[in-house]
Amino acid sequence: MSDQSTRRVKASAAGLYVPLLLGAIVTVTLGVYGSVHTPTGIAVNVAGFSGPQTVKVWLASGAALLALVQLVSAFAMWGRFGANPPSWIGPLHRWSGRFAFLLTVPVAVHCLYALGFATYDTRTLAHSLLGCFFFGAFTVKMLSLPKRGLPGWTLPLLGGAVFTALIGLWLTSSFWYFTTIGVRF
Amino acid sequence: MKRNGPIITLLAGLALAAVLITVNLSLTKGGGEPDPAGLGAAVASAAPAASTPPSPTVAASASAAAPDAPAEKVNATWAGTVDGGGATIAIAVTDGVAVAYLCDGKKAEVWLQGTAADGKLALTGKKGATLTGTFGGGKATGTVTANGRKWTFTVKAVAKPSGLYRATATVRNAKVVGGWIVLPDGSQVGVVTVDDVPQPAPAIDPATGAVTVDGAALTAAPVTGVLAEN
């Protein structure tokens with residue numbers, strides 16, 4: 001994979017246009033939906049919502065844990081831990097990624113449906129922005145994967161963006177919850 | 001398969017989201033799961049009335065069909081999050097006298113009082129704040145308008161220790177008014193106003209109502225009937 005850019009196939013970022021466009025549409029759609037859906041009244045108050053919150057906290061933590069698996073397996077796939085990574089690294093990366101993504105979906109649905117895009121404080125604003133960005137970035141990553149002839153930096157950059165966004169989301173929600181409200185099930 | 005894998009992943013996520021949203025919609029519009037028995041309110045019907053949007057006018061006809069006893073004086077408490085999650089509301093009714101409190105747990109709060117009878121809620125507050133709505137079938141639905149803002153809500157009946165609490169006192173010559181909503185999951189939302197400056201309320205002990213505000217020990221009492229003038 002890493003020698004992709006040095007192959008005779010001319011690497012071009014042009015193949016990223018469509019994935020980036022669709023990813024941008026996802027991000028903007030989520031943001032607009034979250035904003036339109038929010039009442040024009042006062043901003044999100046975390047104490048105001050009940051049972052689903054702990055569910056979300058743990059789903060997000062599961063996704064964050066899998067994201068760490070993603071990071072390590074990605075490094076292994078790119079030969080950072082030795083030239084010949086074991087053959088199960090690829091499937092591990094793909095399936096841990098799928099499960100991580102599927103874990104985030106219920107969280108995002110609850111966030112968008114029940115809470116909406118919020119700008120009450122820095123944490124909620126960062127969380128809202130990262131949440132919209134995450135699904136857009138993930139879309140770009142997924143749509144870029146099957147494409148050939150993309151520059152060598154494409155997948156590390158996109159994967160890194162998705163990973164960073166997810167960890168940021170976890171820090172602004174679950175970690176915040178654990179440290180502010182406590183570790184609850 | 002390998003090239004389609006990522007696309008399938010995306011579509012699977014999309015499908016999961018669609019299912020969840022559908023379930024959400026039907027839960028919001030239907031009755032949802034049965035609630036702990038309300039104080040004198042009819043038990044929530046388990047059959048979801050999926051075609052009933054939570055608008056006051058339509059809900060009025062629905063509540064007329066509900067097996068409420070409108071002739072009797074109403075005793076009930078409803079509490080929950082307003083639509084969209086921006087604030088929490090509690091309505092406590094004692095013998096038909098209703099007190100409602102809406103707050104965000106940070107600084108925004110509205111107290112209202114009025115009546116609950118014949119399946120209808122009609123409350124007013126300071127500065128022209130109003131609450132209109134309907135109740136029946138273990139839940140209350142309506143609209144609050146205050147400070148140029150509008151909230152809609154559909155909240156379920158709750159039982160003690162969940163409900164609406166209030167404390168009024170004078171602490172070092174400062175007038176203190178606190179309101180707390182305790183939800184069935186044990187979480188609390190409250191605002192304390194000290195000389196008209198609102199701030200997030202410290203948690204009360206729902207069993208005793210004990211709370212410490214600005215170093216002074218107060219007792220928050222469940223709201224029953226007309227609010228004490230303060």
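Okay, let's start with one small detail: Thr134(B) sits across from Thr141(B), which belongs to strand E7 of chain B. Keep in mind, please, that what we have on screen is a predicted model.

So where does that pair of threonines live? Thr141(B) is in E7, and E7, residues 139–146, pairs with strand E6, residues 130–136, in chain B. The two strands run antiparallel and share 7 bridges. Now zoom out a bit. What do E6 and E7 help to build? They are part of a closed barrel of 8 strands in chain B, in the order E1-E2-E3-E4-E5-E6-E7-E8, with antiparallel pairing. Going from one strand to the next, the twist averages 25°.

Let's look at the packing next. The largest nonpolar core has 51 residues, and the members that touch the most others are Ile89(B), Ile91(B) and Ala100(B). Which strand gives the most to this core? That would be E3 of chain B, residues 97–103, with 7 residues. The core also takes at least three residues from each of two domains of chain B, namely domain 2 (56–157) and domain 3 (163–222).

Pick Ile91(B) and see who is around it. If we skip the neighbours within four places in sequence, the contacts of Ile91(B) are Thr77(B), Trp78(B), Ala98(B), Ala100(B), Leu121(B) and Ala140(B). There is another core as well, apart from that one, with 35 residues, including Val26(A), Leu130(A), Ala137(A) and Phe138(A).

Back to chain B, and on to the other sheet. This one is open, with 5 strands in the order E12-E11-E10-E9-E15, and its pairing is antiparallel. Which strands sit at the edges? E12 and E15 (221–222) do, and each of them pairs on one side only. Inside this sheet, E10, residues 174–182, is joined to E11 by 7 bridges, again antiparallel. If you want a pair of residues to find on your screen, try Val176(B), which stands opposite Val194(B) in E11.

There is a hairpin to point out too. E13 (residues 210–213) and E14 (residues 216–219) of chain B run antiparallel and are joined by 4 bridges. Val211(B) faces Leu218(B) in E14. The hairpin leaves 2 residues between the strands, and Asp214(B) in the turn has a positive phi of about 55°.

That brings me to some backbone oddities. In general, most residues other than glycine have a negative phi, and most peptide bonds are trans. With that in mind, have a look at Asp95(B), which is not a glycine but has a positive phi of about 50°. Asp95(B) is in the loop between E2 (88–94) and E3 of chain B. Is Asp95(B) buried or exposed? Exposed, because there are 12 C-beta neighbours inside 10 Å.

Asp196(B) is another case, with a positive phi near 65°. You'll find Asp196(B) in the loop between E11 (188–194) and E12 (197–200) of chain B. Asp196(B) counts as exposed because it has 8 other C-beta atoms within 10 Å.

And the peptide bonds? Lys160(B) and Pro161(B) are joined by a cis one, with omega at about 10°. Pro161(B) sits in the loop between E8 (149–157) and E9 (163–171) of chain B.

Now for chain A. How many helices and strands does chain A have? It has 5 helices and 0 strands, so to put it as a string from the N terminus, you'd write α-α-α-α-α. The UniProt entry, which is unreviewed, lists residues 12–36, 56–78, 99–118, 124–143 and 155–178 of chain A under "transmembrane region". Take the stretch 124–143 of chain A: it is 100% helix and 0% strand, with the end C-alpha atoms 29 Å apart. For 155–178 of chain A, we again get 100% helix and 0% strand, and the end C-alpha atoms are 32 Å apart.

Let me finish with some totals for each chain. Chain B has 2 helices and 15 strands, and 41% of its 230 residues are buried. In chain A, 41% of the 185 residues count as buried. What about contacts along the sequence? Among chain A contacts between residues at least 6 apart, 80% join residues at least 24 apart. In chain B, residues 24 or more positions apart account for 49% of the contacts with a separation of 6 or more.

Terms used. Residues numbered from 1 in each chain as written. Chains lettered and ligands numbered in written order. Predicted model: local features only at pLDDT ≥ 70, side-chain atom pairs only at ≥ 80, totals over all residues. Core = buried A, V, L, I, M, F, W, Y, C linked by C-beta atoms within 7 Å. Buried ≥ 20, exposed ≤ 12 C-beta atoms within 10 Å, placed from the backbone. Domains from an automatic or database assignment. Contact = placed C-beta atoms within 7 Å. UniProt positions renumbered as here; feature names shortened; annotations may be inferred. Pairing = 2+ DSSP bridges. Axes fitted to C-alpha atoms, helices over the stretch in contact; angles between N-to-C directions.
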